[in-house]
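Dear colleague,

I am handing over a structure that you have not worked with before, and I would be glad if you could look through it at your own pace. My notes on what was found come after it.

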Amino acid sequence: MQIPYELILGWRYTRAGRATRRNGFISFISGVSMLGIALGVAALIIVLSVMNGFQKEVRDRMLGVISHIEVFAPGGAALPDVQKTLAEIKRNPQVTGAASFIAAQALLARGEDMKGTLVRGIDPALEGQVTDLAVQLKDTAFPRLVSGEFGVVLGGELARAMGVREGDTVTLIAPSGQVTPAGVVPRLKQMTVVGTFDSGHFEYDSALVLMHQDDAARIFRLEGPTGIRIKLKDLHQAREVAFELSRSLSGDLLIRDWTRQNRTWFAAVQLEKRMMFIILTLIVAVAAFNLVSTLVMTVTDKRADIAILRTLGASPKSIMGVFVVQGAMIGVIGTLSGLLLGLGIAFNIDVIVPALEQLLNASFLPKDIYLISRMPSEPQYADIMPIALISLALAFLATIYPSWRASRVNPAEALRYE
């Protein structure tokens, strides 16, 4: 099959230019444009991959404490028929586990220290079906959560803030009081700390208190669980499954999936990721539009060649095609190089960053400041494909004007002084 001469000439102009001093400078500018595109694409891939990694790390730690979906009664009341609701939930094929719970707010006091807390009454035998944290505590703290003994498991940050350890006693103050001859006084209950946990998510480590479901019902005077927590096969299907449950469950129930519990945080991360994409795309755009100066100088240098080709019968369209091919080749090589470089660093960042820390004798993520001590990375196809397409599109757009100028060269004028 005969290859069009536009492709041959375009590729020759791309790799040529080192023979003479004048052409060598053009080749240098072409190489700088190619390098700029490669570095811009690589930077985009690395930054977005690291942001995806941090988002996944925080999400996984958060889902270690909360469930994929929560079903609960309005106003914090007890569910009217827990067993019926559980049976209806388990009919959904996406559901892998379900467990009832009691959610409430209270004050936790020890001496003069007092903290507002989120109290969660759980069934230790079923909690492992819905959270990863329960799997970690099933052999340590959870066996000590016995109905009637009023034991609590505190978040690590909460325990440290109050200065309590395993075996110490704390006072739980329920928000609704009890009526006495002296008036309404708050209900107080002495609780024993039977363990602590560290999920890696500060919001829960600093405020969450776990206790047996029966004990929580007695303290808050509830007739039963206030909600049911659900775990799914695919966490990304939580919103769709929540919508299906809203139509299939009987009774007046509220349903909330994990994306809505931290909606502000996820929205902020997505906005930040979008802005970083736009900012770093500008770097690729600057490098791509360096092709304009490269091709303009090439067209000026090749005026005699253009005139000879026109004299031999080449059409303006063919002349334009030659320089479009040259610019496109630079864009393709730069984009592919950037993809290889970016993906190579993104997939091996867990090796590269520790090596740099050892070389520079520095710590990029100190353990005493950040909850995550390693640099996470998760390259996603949904990010990489748009990056490559935008880079190629910008490179192609940058070739149009110089190529059009080349097609308008007058052969007689170009050969007058040759």
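The notes below go from the overall form to one pair of helices and then to two individual residues.

Please keep in mind throughout that this is a predicted model. The protein contains 15 helices and nine strands, and its C-alpha trace extends over about 115 × 55 × 40 Å along the principal axes. Its radius of gyration is 33 Å, whereas a compact globule of 418 residues would have a value near 22 Å. Of those 418 residues, 45% count as buried. If one takes the contacts between residues at least 6 apart in sequence, 80% of them join residues that are at least 24 apart.

The pair of helices I would point you to is α10, covering residues 263–301, and α14, covering residues 381–407. Two packed helices are described by the angle between their axes and by the distance between those axes. For α10 and α14 the angle is about 25° and the axes lie 8 Å apart. Angles under 35 degrees count as roughly parallel, and α10 is therefore roughly parallel to α14. The crossing of the two helices is right-handed. On the α10 side the residues that make the contact include Phe277, Val284, Ala288, Leu291 and Leu295, while those of α14 include Ile387, Ile390, Leu394 and Ala398. Sorted by kind, the residues of this contact comprise 18 nonpolar, three polar and two charged ones; Lys273 of α10 and Asp383 of α14 are also among the residues in contact.

Two residues deserve a look for their backbone angles. Most residues other than glycine have a negative phi. Phenylalanine 150, however, is not a glycine and has a positive phi of about 55°, and arginine 221, likewise a residue other than glycine, has a positive phi near 55°.

Where do these two residues lie, in terms of the loops between helices and strands? Phenylalanine 150 belongs to the loop between α4 (132–137) and β4 (151–155), and arginine 221 to the loop between α7 (213–219) and β8 (227–232).

Is each of them buried or exposed? Phenylalanine 150 has a relative accessible area of 14%, and because buried means under 20%, this residue counts as buried. Arginine 221 has a relative accessibility of 55%, and since exposed means over 50%, arginine 221 counts as exposed.

With best regards

Conventions:
Residues numbered from 1 in each chain as written. Predicted model: local features only at pLDDT ≥ 70, side-chain atom pairs only at ≥ 80, totals over all residues. Heavy atoms only, no water. Helix = DSSP H or I, 4+ residues; strand = E, 2+ residues; numbered from the N terminus. Buried < 20%, exposed > 50% of the residue type's maximum accessible area, 1.4 Å probe, protein only. Axes fitted to C-alpha atoms, helices over the stretch in contact; angles between N-to-C directions. Parallel < 35°, antiparallel > 145°, perpendicular 65-115°, else oblique. Left-handed = near helix turned anticlockwise from the far one by under 90°. Contact = heavy atoms within 4.5 Å. Nonpolar A, V, L, I, M, F, W, Y, C, P; charged D, E, K, R; others polar. Rg over C-alpha atoms; globule rule 2.2 N^0.38 Å.
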